[in-house]
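This report looks at how a ligand is held by the protein around it and then turns to the aromatic rings. The sequence and the structure are shown here for reference.

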Amino acid sequence: MDSFQGKLFVFSAPSGSGKTTIVRHLLAQEKFNLEFSISATSRLPRGEEVDGKDYYFISLKDFKQHIKNEDFLEWEEVYRDNFYGTLKSEVERIWAKGKHVIFDIDVAGGLRIKKKFPEQTLAVFVKPPSIDELKIRLKKRKTESDEKINMRIAKASIELATAPQFDKIIKNYDLEVAFKEAENLVGDYLGIKE
Ligand code: 5GP
């Protein structure tokens, strides 16, 4: 393939670790020329989420059809009956614009992308201060039931164990510090001098 192939930046972490905030911050830095990989999901929109911006919200039936058609680069049943996946067409769409791709995806999906594109992927794990802090953050968000929050917490403990498999780890204790660390990692990977 002789068309432009950019870099892939994977940001993975347990839900509530602050990785979405870090990804948004990086997207706002024009010098990095990044575009967000919009995942497809079978879950319903939450809060202010917009179809085609935050996610491609599709039915479970359509999601399963995409799996059959092998349209996904990776996909996961992140929570029971809640499927999430990266469409191959999404990466192609972004590369066609001459941009690098940034992903906000779960740990298993992140590692899968790294495996598929080992030479051009930087996989970053965002570590929350603690499981207790994670619980507080998820409760503050007030977008999910206690049952759903407990489900996310249970998954978080398992995900934390995969951190060493990532290229880099950012500890998100202080958001400003985490922003700077993330900027340095992306800048170094792209070979951008300050
Ligand atoms: P949420 O429901 O909070 O938006 O996302 C739940 C989890 O699914 C998060 O950890 C999020 O990063 C992950 N996720 C979002 N998109 C994808 C995707 O395309 N693939 C995978 N494997 N996980 C995703």
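## The ligand and its shell

Sorted by class, the shell around the ligand is made up of 8 charged, 5 nonpolar and 4 polar residues. The model is a predicted one, and in it 17 residues surround the ligand, the closest being Ser-39, Arg-43, Tyr-55, Glu-74 and Tyr-84. Two strands, β5 (72–79) and β6 (82–87), each supply at least two residues of this shell, and β5 gives the largest share of it, with 4 residues.

Which side chains place a polar atom beside the ligand? Three such pairs, each between a side-chain N or O atom and an atom of the ligand, are set out below.

| Residue | Ligand atom | Distance |
|---|---|---|
| Ser-39 | oxygen | 2.7 Å |
| Tyr-84 | oxygen | 2.5 Å |
| Asp-106 | nitrogen | 2.8 Å |

On its own the ligand has 510 Å² of accessible area, of which the protein covers 96%. The space that the ligand takes up is the largest pocket.

## Aromatic pairs

Across the whole structure, a search finds 8 aromatic pairs. A pair of aromatic rings is described by two values, the distance of the centres and the angle of the planes. For the pair formed by Trp-95 and Phe-117, the centres are 5.8 Å apart and the planes stand at 85°, an edge-to-face arrangement. This pair links distant parts of the chain, with the two positions 22 residues apart: Trp-95 belongs to helix α3 (residues 88–96), whereas Phe-117 lies in the loop between α4 (107–116) and β8 (121–127).

Conventions. Residues numbered from 1 in each chain as written. Predicted model: local features only at pLDDT ≥ 70, side-chain atom pairs only at ≥ 80, totals over all residues. Heavy atoms only, no water. Near = heavy atom within 4 Å. Polar contact = N/O pair within 3.5 Å; in protein donor to acceptor, adjacent residues only side chain to side chain. Areas by Shrake-Rupley, 256 points an atom, 1.4 Å probe, with all protein chains shown as cover. 1 Å grid on protein atoms, 1.4 Å probe; cavity = no way out; pocket = protein on both sides within 12 Å on 5 of 7 lines; lining within 4 Å. Sits in = over half its atoms within 2 Å of the grid points. Nonpolar A, V, L, I, M, F, W, Y, C, P; charged D, E, K, R; others polar. Phe/Tyr/Trp six-rings, centres within 6.5 Å; stacked < 30°, edge-to-face > 60°.
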